[in-house]
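Got the viewer open and a selection box ready? Let's walk through a few stops, one selection at a time.

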Amino acid sequence: MSTATRKITLAGCVALGTGVMIGAGIFALTGQVAELAGDWFPVAFVVGAVATGLSAYAYARYASVNPSSGGIAMLLKDAYGPGVVAGSFSLFMYVSMVIAESLLARTFGTYLLRPFGLQDSAVLVPALGILAIASAATINLVGNRLVEGTALATAVLKIAGIALLAIAGLIGGLASGLDSRVEGAAEPPGALSLIAAVGLCVLAYKGFTTITNHGDDVRTPERNLARSIGISIAICAVIYLLISLAVGSSIGAAGAVDARDYALAESAEPLFGAWGVGITVAVAVVATLSGLFASLYSVSRLLGMLQHMRQAPRLPSRVPHQPLLITAGLAMLVTAFLDLSRIAALGVFLYLSMDIAVQWGVARRLRTKIAATPWVPILVIGLDAAILIAFATIKIPTDPLTVIVALVVAATIVIAQGLVVRHVRRSEHEQNADRGS
């Protein structure tokens, strides 16, 4: 088989992107978004899609010109040079992606236990999530062809399943008059809450960034990377809008908030009964597992590049498949100790901070090199900053522990990077001195 034949196709790349996005994003975050945006939560998903599309422009331009397995890490290094800034924000991205895997894993456990009434179990939910991560890691050990094949098959299945559920839910809700739940009740939320809700929606779309880590594995990447990013975001935007409208017509924002971590399963019950819940659970299980397959593949490649760039730690050389094992292990730890709400909040803080650094690097340093239009990343910086400020303003009084954890994680990464860079530069100086003597 030729090298070109082994490369990931456009369809496979889109499947990997949607595989990560259509998972925890819509299954677990719907209730959290509704809590902030009220009956306007479908609007928040639409605005989140627009913001993500604008943000994706910088990644798509760079990935098309410089395709590599490092993706965002290479972009940051190119923009800021090898050092603390590039290393820190690369690790911000890496940690946010690990957090996204934990979100998928806990969503898997929550939905799988929903038919048994055990979806709130503090033991079984993380235990099943850890088992899901272990299974995904095992699949990834086989290689990228199986990952692509699994992602492509499950992507078609879950997109079709979710779309059918959403359309059936909308038709059923309208036919039975359940849409009256939201008529006249759509009291606009405060601007701060709505903007903060968009932050969670952006997190639901951020899976597109995994595509940038497949650069040297994709067939004709200069064309297919940007196309797959755009197609993935468009597919997810349509699916999210349909689902949010179906949930709104079935149980309304209040019902979504009450169900919170399993809002989609709850919204299926009034219209379709137990079989509707069962189908929703089945689709959720497929979606989250396939998302984990795709995400672990992409994130471990990013860590491998960071290790190669001497910006991330290594295990002893005798340990094989280090990036995959480290990534899976960290995801298991997060899954074991944090609930869905805190995992999502940490993801928002780290991802938006990293995205601001990426957009500034493109606007200030790389726009000529990659032929980027400068006003797009500048606009995204403004949007990211507004969302980050609004989200922090909401979280500080309601969940200060999560804000503190986010600050501690960020500070730890920056300090560790400073120490690593100092050590690397000292080693290089000593080696140069030895050569000169």
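Start by selecting Ala 15: at 2% relative accessibility it counts as buried, since the cut-off for that is under 20%. Keep in mind that you're looking at a predicted model. Ala 15 sits in helix 2, residues 10-21. Now add Ser 228 to the selection: 213 residues separate it from Ala 15 in sequence, yet C-alpha to C-alpha the two are 8.7 Å apart.

Next stop, some empty space. The structure has four cavities of 30 Å³ or more, and the second largest has a volume of about 110 Å³. To find it, select Leu 165, Ala 246, Leu 264, Ser 267 and Ala 268, which lie nearest its centre among the 13 lining residues. Which helix gives the most to this lining? Colour helix 13 and you have it, with six residues. Helix 9 (144-176) and helix 11 (221-250) each supply at least two. The lining of this second largest cavity is nine nonpolar and four polar residues, with no charged ones.

Now for the rings: there are five aromatic pairs. Show Phe 89 and Phe 92, whose ring centres are 5.2 Å apart with planes at 70°, so call this pair edge-to-face. Both are in helix 7 (residues 84-113), three residues apart, so about one helical turn separates them. Phe 89 is partly exposed at 23% relative accessibility, while Phe 92 is buried at 7%.

Then jump to Phe 349 and Phe 391, an edge-to-face pair at 5.3 Å centre to centre and 70° between the planes. This pair links distant parts of the chain, helix 15 and helix 16, with the two residues 42 apart. Phe 349 and Phe 391 are both buried.

Last selection: Phe 45, Tyr 205 and Tyr 240, which ring pairs link into a cluster.

Technical notes:
Residues are numbered from 1 along each chain as its sequence is written. This is a predicted model: local features need pLDDT of at least 70, side-chain atom pairs count only at pLDDT 80 or more; totals for chains, interfaces and linings use all residues. Side-chain values use heavy atoms; hydrogens and water are left out. Helices (H or I, at least four residues) and strands (E, at least two) are DSSP runs, numbered from the N terminus. Buried means under 20% relative accessible area, exposed over 50%, partly exposed in between (1.4 Å probe, protein chains only). On a 1 Å grid over the protein atoms alone, a cavity is a set of points where a 1.4 Å probe fits but cannot get out, and a pocket is an open set with protein on both sides within 12 Å along at least five of seven lines; lining residues have an atom within 4 Å of a point. Grid points are joined across faces, edges and corners, and a volume is the space filled by probe spheres set on the points. Ala, Val, Leu, Ile, Met, Phe, Trp, Tyr, Cys and Pro count as nonpolar, Asp, Glu, Lys and Arg as charged, and the others, Gly among them, as polar. Rings of Phe, Tyr and Trp (its six-membered ring) pair if their centres lie within 6.5 Å; planes under 30 degrees apart count as stacked, over 60 as edge-to-face and the rest as tilted.
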